[in-house]
Amino acid sequence: MTIELKSISKIFAGGSAHPVLDDINLTINDNEFFTLLGPSGCGKTTLLRLIAGFEHPTSGTIELFGERVEGTPPNARPVNTVFQHYALFPHQTVAQNVGFGLRMLRRPAPEIEPEIERMLRLVRLEGLAHRYPHQLSGGQQQRVALARALAARPRVLLLDEPLSALDSKLRDEMRVELKLLQRNTGITFIFVTHDQGEALSMSDRIAVLSEGRIQQVGTPDDIYERPRSRFVAQFVGETNVFEGKLIRLPGKQPEFKTSSGALLPLGDTPADDDNPALAFVRPEKLRLGNPDDLASDPQARLRGVVTNKLYLGTDTVYYVDLEGGETLRARIQNASAIDNRFDVGAAVRVRAEEGAFRTVGRST
């Protein structure tokens, strides 16, 4: 393992007595792209700063590569940080910025120049060594910050929302770049973001945080397809949530009875989950059809009326008011023209993919 956090809590002096981090236990593996995901104020940046050494835990222990480091200053830890706004030196060239850490480490001058060239090749900025930060695009500035952080060859790289200042298209491009960079260097990346798309697209594993506590740790597939709480189900991606109760009958697949009385066919339900309070389904796992055509389909039990539709280019989102009073969203790819013939006011049946409805506890 690379990092192990044991019973970490953090309360800031002079602030609220409520902990910013509350009993955090977490293991991050070597050569892993690990993401701390959560809304603003959930504690993810504080956790990153504890690992870096910029903050100290109120209680608990931090181990880096098997050694406790709670009292170790940042410059003595085998980590480096890329901040949200890059913190480049405006009066230094790209090459000087990249070589800054090497000079602080007192590396011999003959070693610094080749290392700068290697880093610029790695982040694909050859030919820009003599430019200044104000002469670069936002994506180029971010690559300089990455090259500077990587030049010192840290064993762990911490990234604090480094894509938040970029436009949407550039952000998508940099997601690919960061993942490739992590694979090529073999360095452990710990990435902080509130953007679910960033977390799902780049991470080997994700820790979802809320109000200073870890809600769930798992692969992107685990987090998205098998959330363990209402918070995770609703924070990570779009979802439709139904309140009600689980119905188990001998010899039959479990069902979920919503508060309006509708029965939902469930997918895999944990055997020890005796009384889940909620069921959920992702919008992209739903299809709409003519009520008569789907009348005998066991996966199409919900009936309703289309009350709104949003055309989004690649797909269309339909809002359907169900007979029992609930409203759900169905996200249909526009490549499937047969599914996109419904106008506002149309009566429809909602068909779910088999196993699409799942249960989740009421807890946050």
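This passage describes two buried residues, one β-sheet and one helix pair in a predicted model.

The sheet is considered first. Five strands make up an open sheet, and their pairing is antiparallel. The strand order is β15-β19-β16-β17-β18. The edge positions are held by β15 and β18 (327-333). Each of these has a single partner strand, so one side of each lacks a neighbour in the sheet. On average, neighbouring strands are turned by 45 degrees against each other, direction ignored.

Within this sheet, β16 (residues 302-311) pairs with β19 (residues 347-352). The pairing is antiparallel and runs over four bridges. Gly304 stands opposite Val348 of β19.

Leu288 belongs to the edge strand β15, which spans residues 286-289. Its relative accessible area is 3%. Buried status requires a value under 20%, and Leu288 is therefore classed as buried. Leu288 and Asp204 lie 84 residues apart along the chain. Their C-alpha atoms are separated by 34 Å.

A second buried position occurs in a loop. Gly43 is located between β3 (33-37) and α1 (44-52). The relative accessibility of Gly43 is 7%, so this residue also counts as buried. Setting aside residues up to four places away in sequence, Gly43 touches Val20, Leu21 and Leu209. Gly43 and Val236 are 193 residues apart in sequence. In space, the C-alpha to C-alpha distance between Gly43 and Val236 is 17 Å.

The helix pair is formed by α3 and α4. A packed pair of helices is described by the angle between the axes and by the distance between them. Helix α3 covers residues 109-122, and helix α4 covers residues 138-151. The two pack at an angle of about 135 degrees. Their axes are 9 Å apart. An angle over 145 degrees would count as roughly antiparallel, and 65 to 115 as roughly perpendicular. The α3 and α4 arrangement is therefore oblique. The crossing of the two helices is right-handed.

On the α3 side, the contact is made by Glu115, Met119 and Leu122. On the α4 side, Ala147, Leu150 and Ala151 take part. By class, the contact comprises five nonpolar residues and one charged residue. No polar residue contributes to the contact of α3 with α4. Glu115 of α3 supplies the charged member.

Definitions and conventions:
Residues numbered from 1 in each chain as written. Predicted model: local features only at pLDDT ≥ 70, side-chain atom pairs only at ≥ 80, totals over all residues. Heavy atoms only, no water. Buried < 20%, exposed > 50% of the residue type's maximum accessible area, 1.4 Å probe, protein only. Contact = heavy atoms within 4.5 Å. Pairing = 2+ DSSP bridges. Axes fitted to C-alpha atoms, helices over the stretch in contact; angles between N-to-C directions. Parallel < 35°, antiparallel > 145°, perpendicular 65-115°, else oblique. Left-handed = near helix turned anticlockwise from the far one by under 90°.
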